Structures are given as C-alpha cells and as structure tokens.
Amino acid sequence: MTLQSAPKPARAEPIQAAPDAARPHRPVRYPCFDGLRAIAALTVVAVHTSYASGVTTIHPGIGHYTARLEIGVEVFFVISGFLLYRPFVAAHMEQKAPPEKWAFWRRRLKRIIPAYWVAFLIVTYVMHDDTVRHAWYSPLVYLGFAQIYLPHYAVSGLTQAWSLCTEMTFYLFLPLYAAAVGRRRRDPDRQLRAELYGLGTLVLIGFVWRIPVLAIGTGEARTMPNWLPGYIDQFALGMLLAVVSTWMATTRRQSAVLAHRATPWVCWALAAAAFWAVSNIGITLEPLKASSVGISLERQALYGMFGFFMVVPAVFGPQDHGVIRRFLRSRPMQLIGIVSYGLYLWHEGWLNRFITMFHFHDFAIPWGWFTLFVVSMGLISATLSYRLVERPILQGTWKGWLRHS
C-alpha cells in the first residue's frame, strides 16, 4: 500500500473540560452501505427459498452455490463491526472522550428490539407461520435473544434471529472492549498498533473458540459456534476497516492503491473467488448438519474474506466513482437496504405462508415465483415496519404522537 503523508500534526493534549469532548464523535456518512445491506439481505432470502424449493438439494451442481448464500450474514457482521466501532476508534485516535456506553446501548436496543418483537409476535401468534416451544419462559427466551443459548429453541421462533442474538451480544461487548483498548492516551501511530494487537487477539479467539465446540458438536454444544466468540473474528474484520480508515483520516494519509479506480473490481473479484472456493470445499448442503472441524474453520476464513472484500470499496476511495459504487448507490439498492432489517425479519414468515397458501410440498416449489412472492411480501412488511415502528422510535416521534393523542 502506497501512502502519501501530509505534515504530521502535533500530538493533541488531553481535553479535560471542553464542551464537545463528552459528545459522541459524529459518524461519517457512507453512502454505499445501504446497497451492501440490500445484497446481504437478498442473499439470506435466496438461501432459504433455494433450500425450501428443492433447488439446493435436488440440483447439487447449483446447490453448492445456493447453500452458501448464507454468506450474506457475514456482510452484516462486517458492516456492524465497522460502523459501530468507528466512533470509538475515532475518539481513541483524536484523544477525546469516547461515546457514552449507556447511550450507545440504548440506541442499539431501540434499533433492534421493537421491530424484532413486532415481527416475532405477528409471524408467530397472528400468522402462525413459525413454531414456538410452549413453556412458561419461552417468550422470555425468544424476546430476550436467548435462543442460541438453549439448543432446543434454536430452530423455533424466527430461526434466522440466531444472528441477532450474536449481534446483541456484540453490542454489549463493544463499549467494554473499546474502553480497554482506549484506556491510555496515545498518539495515532501508537494507538494504531494497540488496535491491531487487540483485533488480532479477537481473530485468534474466534478460531480457538470454534475448535473445541465444533469437535464436540452434540448436546448443549450444538449452538455454541453461533455464540459471539465464534463470530468475533467476522466483526473484527469490520473493526479493522474502521481502525485503518480512521487512522488515515486522523494522520491525513492517502492511499493511491485504495483510491485507484480498479480497487473495487479487484476487491469484488477477491470476494467472488472466496465465494467460489467456499462453495467447493465439501460443505454439507443440509443447513443443520455440521461439517468437520477443518472444513468449518476453512468456511469461517473464506466467509470472512468475502465479507471483508465486499465492504472495502464502500469504505475507501471516492464514493461517487465507479460502476460498483454507482450500483450500490442506485435507488433500488438504497430502498431495499433501508428496509433490509425488516426484510431479514419477515421473509421466513412469508416463505412458510406461501407453502401453506398454495399447498406446496417441501422441495417441490417453483423457485422463481416462490422467491418473488417472498421478496415482495417481505419488502412490503419491511417498509411498514420501517415507517411505523423503526423510524418513529429512533426519531422519537412516537413520544410526540402519544403526548398529542
């Protein structure tokens, strides 16, 4: 990587009482990220419709690739690692007070919980399109994002919500990790080294954790690979992008390689190569059947590479240049990306509704019409969720409505 350095700024003195020191660092707008969210959500929908329709298992030549479309979850994890850690690392680099952890947690809970609770209650208890276990504490398990910690609950409720359980644990972990890494004031270069050591440790934890739990693979250990330690390396890749981009901004470095117009194509070519490779290493096509420890670790590494290289063009380089960035910023991709969380929540309910309504048998469903129905109804539900639940709660307009009603 070729870096061109401007005159290095003098080391900032610690700020004790400046009014803006206590305010969270305002995040930079990354206009391509909604397009990435759209890709991630659509691939998750496609992996589920491909399996239920029979495309994955009946046509293994195609199925080796459709089964791996679950890789979209890794894109979500990398995005979360980048966007959520960047305000913390910016505070570290600029030697300012970090975002207040309670405010961070409140905003994360407001962003995730209401839309999930609404989707879960309607899909499960109104539409009856997902099964639930009936114990007195079952609602606490589902609504409390605990289903991955109880194996008997893992394949009930909104089964795709396993990743939300992992995300919620990451939200709890991130401010604490940031406080540990940023506990000392350092100049940007020394802070960069500290950040890289920390992220290397997280990646190591991710792989070390998975080896014993994958080797056991039965009983209570069945869902342990989905716990945060098993995916912390994926979040760490996004955090790495946050660290490098913030360090470059703070020290006024510029990278000719990252700004080159060919870089998005190279990155997405590497992502495509990772996807091709992971689709051809012998992973089982059955979603709940475990592969060997070696193959599972290889899968983890290749999934991480895919997510990382998909996101790089949305972080570095001129964001209004190039075909790839224009595609990510196109109106359809932006609109899908804005409601991608709702699409993720609602699509499996509509998948089961399609099968019930039209009396199809599993693995004998026309994939095209099936996917079109699921995506269309999922987007309608997601748009309603965004406009009536997600956005009003985040903007606080529900409070105003209640005061005037």
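Mentor: Before we start, one cut-off: buried means under 20% relative accessible area, exposed means over 50%, and partly exposed is anything in between. Keep in mind that we're looking at a predicted model.

Trainee: Got it. Is Arg-299 buried or exposed?
Mentor: The cut-off for buried is under 20% relative accessible area. Arg-299 has 13%, so the residue counts as buried.

Trainee: Which residue does Arg-299 form a salt bridge with, its closest N and O atoms being 3.3 Å apart?
Mentor: Look for a partner far off in sequence: the pair links distant parts of the chain, 229 residues apart. Arg-299 sits in helix H11, while the partner is in the loop between helix H3 (60–66) and H4. That partner has a relative accessible area of 24%, so it is partly exposed. The residue is Glu-70.

Trainee: Which residue is linked with Glu-70 and Arg-299 in a network of salt bridges?
Mentor: The structure holds six salt bridges. In this network there's one more name besides Glu-70 and Arg-299. It also turns up among the residues that Ser-279 touches, along with His-64 and Tyr-65. The name is Arg-68.

Trainee: Since Ser-279 came up, which backbone oxygen does its side chain reach?
Mentor: Ser-279 is found in the loop between helix H10 (263–278) and helix H11 (293–315). With a relative accessible area of 4%, Ser-279 is buried. Its side chain reaches, at 2.8 Å, the backbone oxygen of Phe-275.

Trainee: Over to helix H8. Which residue caps its N-terminal end?
Mentor: Helix H8 covers residues 188–216 and reaches 43 Å from its first C-alpha to its last, close to the 42 Å expected. The capping residue puts a side-chain oxygen 3.0 Å from the backbone nitrogen of Asp-189. Its side chain also meets Arg-190 in a salt bridge (3.7 Å, N to O). The cap is Asp-187.

Trainee: And is Asp-187 buried or exposed?
Mentor: Again the line is drawn at under 20% relative accessible area. Asp-187 comes in at 15%, so it counts as buried.

Trainee: How far apart in space are Val-73 and Gln-234, C-alpha to C-alpha?
Mentor: Val-73 lies in helix H4 (residues 72–94) and is buried at 7% relative accessible area. Leaving aside neighbours within four places in sequence, it is in contact with Val-44, Trp-162, Ser-163 and Tyr-344. Gln-234 is 161 residues away in sequence, yet the C-alpha distance is 9.8 Å.

Trainee: What share of the chain's contacts with a separation of 6 or more comes from residues 24 or more positions apart?
Mentor: For context, the chain has 16 helices and two strands. Of its 405 residues, 51% count as buried. The share you're after is 77%.

Trainee: Now the surface. What is the accessible area of the nonpolar patch that includes Trp-117 and Tyr-125?
Mentor: Val-118, Leu-121, Ile-122 and Val-126 belong to that patch as well. Tyr-125 lies in helix H5 (residues 101–126) and has 38% relative accessibility, so it counts as partly exposed. Together the patch residues have about 510 Å².

Trainee: Last one: which residue forms a salt bridge with Lys-96?
Mentor: The closest N and O atoms of this pair are 3.7 Å apart. Lys-96 is partly exposed at 32% relative accessible area. Its partner, at 25%, is partly exposed too. That partner is Glu-94.

Notes:
Residues are numbered from 1 along each chain as its sequence is written. This is a predicted model: local features need pLDDT of at least 70, side-chain atom pairs count only at pLDDT 80 or more; totals for chains, interfaces and linings use all residues. Side-chain values use heavy atoms; hydrogens and water are left out. Patches are made of residues with over 30% relative accessible area and no salt bridge: like charges are joined within 9 Å, nonpolar side chains (Val, Leu, Ile, Met, Phe, Trp, Tyr) within 5 Å. Accessible areas come from the Shrake-Rupley method with a 1.4 Å probe; for residues, only the protein chains shown count as cover. A salt bridge is a side-chain nitrogen of Lys or Arg within 4 Å of a carboxyl oxygen of Asp or Glu. Helices (H or I, at least four residues) and strands (E, at least two) are DSSP runs, numbered from the N terminus. Buried means under 20% relative accessible area, exposed over 50%, partly exposed in between (1.4 Å probe, protein chains only). The expected span of a helix is 1.5 Å times one less than its number of residues. A polar contact is a pair of N or O atoms within 3.5 Å; within protein, one must be able to donate a hydrogen and the other to accept it, and residues adjacent in sequence count only if both atoms are side-chain atoms. Contact means heavy atoms within 4.5 Å.
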